[in-house]
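This briefing covers a helix, a pocket, the cysteines and the aromatic pairs of one protein chain. Please look over the sequence and structure first.

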Amino acid sequence: MSTSSDLNPACAEVAKLPPRERILATARELFYRHGIRAVGVEAVAEAAGTNKMTLYRHFSSKDELVAECMRQFAGEVDGWWDNLSREHAGNPRAQLSAWLRDVGATVADPADRGCALVNAAVELPEKEHPARCVIEQFKIAQRNNLAQLCQAAGAKDANLLADELFLLIEGARVCSQSLGPKGPSSRVVQMGEVLIASHMK
C-alpha cells in the first residue's frame, strides 16, 4: 500500500489540499491532459482520493467543475500579465516583446498541450455551457489588454496589431499540436516581432 511519502512531490502537494481544492487541481490536470469529454466525474473523484458524493457537494455538476477549472486557468494568465506589467513598468514595448517571448517559449515546450481554454472551447460546442461564458469573457479581455498594450507601445493601429498578434499566437498553439514545436510555430516570436515593427509609428 502506497503512502504520501511514495508520491512524487507534485502529487504529494495535491494530496495535502482540502477536498475542494484537491478536486479542482486533479480535474484541471486530467481535463488538460486527456480532454474534458474523456474524463468523467468518477475518474476525477478517484484520482483526487475522494468520492462522487464529496465532489457533488462542492460542485453541482461536471459542467460547473469544468467552468471553475477554466476560471482558475484564466486567473493564472491574468497573474502572468500582471507580473509582466510589473517587470517592465513604464516600458510597454519591452512588455510586448516579453509577452511574445514567454508565449513563444510555451509553444516550444513539447509537454505543452496548447491553451487550456481554447482546448475546452473546441470540446464544448454548446453555447450555454457555463465554461463557454468564462472562456469568451477571458479571451475578449485578453485581446483588449493586448490592444491597450499595443496602443501604449506606439502602434499606429493598435486594434489591428492586437488582432494580428492574437491570431498568430492562437494559430501557433494549434500548429504546435499538429506539427510539433519544431514546425512553423517555432518561428512565432520572429513573426510576431516583424508584425510589431511594421505597426510602429
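**Briefing on the predicted model**

Trp80 is partly exposed, with a relative accessible area of 24%. The model is predicted. Trp80 appears below both in an aromatic pair and among the residues closest to the centre of the largest pocket.

**Aromatic pairs**

- The structure holds 3 aromatic pairs.
- One of them joins Tyr32 and Phe73 in a tilted arrangement, with 6.3 Å from centre to centre and 45° between the planes.
- This pair links distant parts of the chain, since Tyr32 sits in helix H2 and Phe73 in helix H5, 41 residues apart.
- Tyr32 is buried, because its relative accessible area of 13% falls under the 20% cut-off.
- Phe73 also counts as buried, at 14% relative accessibility.
- Trp80 and Trp81 form an edge-to-face pair, 6.0 Å centre to centre with 70° between the planes.
- Trp81 is buried, with a relative accessible area of 8%, whereas Trp80 is partly exposed.
- Ring pairs connect Trp80, Trp81 and Trp99 into a cluster.

**Largest pocket**

- The largest pocket holds about 450 Å³ of space.
- It is lined by 24 residues, and those closest to its centre are Val77, Trp80, Thr106, Cys115 and Arg173.
- Two or more lining residues come from each of H2, H5 (62-87), H6 (92-107), H7 (116-123), H8 (130-152) and H9 (158-179), all of them helices.
- Helix H5 gives the largest share of the lining, 5 residues.
- By residue class, the lining divides into 14 nonpolar, 3 polar and 7 charged residues.

**Helix H2**

- Helix H2 covers residues 19-34, which is 16 residues.
- From first C-alpha to last, helix H2 reaches 22 Å, close to the 22 Å expected at 1.5 Å a residue.
- Its buried residues are Arg22, Ile23, Leu24, Thr26, Ala27, Arg28, Leu30, Phe31 and Tyr32.
- Gly35, just after H2, takes a positive phi of about 100°.

**Cysteines**

- A search of the whole structure finds 0 disulfides.
- Cys115 is in no disulfide, and the nearest cysteine sulfur, in Cys69, is 14 Å away.
- Cys115 counts as buried at 12% relative accessibility.
- Why is the sulfur of Cys150 not bonded to the closest cysteine sulfur? The closest one, in Cys115, is 18 Å away and therefore too far for a bond, given that a disulfide needs sulfur atoms within 2.5 Å.
- Cys150 counts as buried at 0% relative accessibility.

Terms used
Residues numbered from 1 in each chain as written. Predicted model: local features only at pLDDT ≥ 70, side-chain atom pairs only at ≥ 80, totals over all residues. Heavy atoms only, no water. Helix = DSSP H or I, 4+ residues; strand = E, 2+ residues; numbered from the N terminus. Expected span 1.5 Å × (residues − 1). Buried < 20%, exposed > 50% of the residue type's maximum accessible area, 1.4 Å probe, protein only. 1 Å grid on protein atoms, 1.4 Å probe; cavity = no way out; pocket = protein on both sides within 12 Å on 5 of 7 lines; lining within 4 Å. Points joined across faces, edges and corners; volume = space filled by probe spheres on them. Nonpolar A, V, L, I, M, F, W, Y, C, P; charged D, E, K, R; others polar. Phe/Tyr/Trp six-rings, centres within 6.5 Å; stacked < 30°, edge-to-face > 60°.
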